[in-house]
Amino acid sequence: EDLDLWFRASRIYPFEYVDKIITNKRVLENSLGNQFFKPFNSRARKLNRTTFSIILKAVKLNNKKSENSSLLRRVHYEMEKCLKNYDLILFCKYARIELKLRCNLNLKKE
């Protein structure tokens, strides 16, 4: 999983957000990325559950408000994928993570 690699690497190396387009992306009708947003797609559901386990690991690793804030944006993206795939159980699991992250944002100081 690329996501797991990015989370692990971010624990060792600093990353910066670049607010401009610096690459092109080729979009194919049957690419794996397009599968995430198709309703009732079993392959997407399996991958979404794998991503969920990686997100859980990231929650445990976070120890700063900024990390929780960044992860919260990713959680919202994953929740959107769940809704479009009609995976309401996973959506509810992400909602629990969102609540935990929001509580941590209110409790922790940078």
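Two exercises on salt bridges and exposure follow, each with a worked solution.

The model is predicted: local features need pLDDT of at least 70, side-chain atom pairs count only at pLDDT 80 or more, and totals for chains, interfaces and linings use all residues. Residues are numbered from 1 along each chain as its sequence is written, and side-chain values use heavy atoms, with hydrogens and water left out.

**Exercise 1.** Determine which residues are linked with Asp 4 in a network of salt bridges.

Solution. Step 1: apply the criterion, a side-chain nitrogen of Lys or Arg within 4 Å of a carboxyl oxygen of Asp or Glu; the count comes to eight salt bridges. Step 2: Arg 8 meets Asp 4 at 3.1 Å, N to O. These two residues are four apart in helix 1, and therefore separated by about one helical turn. (Helices are DSSP runs of H or I with at least four residues, numbered from the N terminus.) Step 3: Lys 57 also bridges to Asp 4, with the closest N and O atoms 4.0 Å apart. This pair links distant parts of the chain, since Lys 57 lies in helix 3 and Asp 4 in helix 1, 53 residues apart. Step 4: the network thus comprises Asp 4, Arg 8 and Lys 57.

**Exercise 2.** Classify Asp 4 as buried or exposed, and do likewise for Arg 8 and Lys 57.

Solution. Step 1: buried means under 20% relative accessible area, exposed over 50%, and partly exposed in between (1.4 Å probe, protein chains only). Step 2: Asp 4, at 16%, is buried. Step 3: Arg 8, at 51%, is exposed. Step 4: Lys 57, at 41%, is partly exposed.
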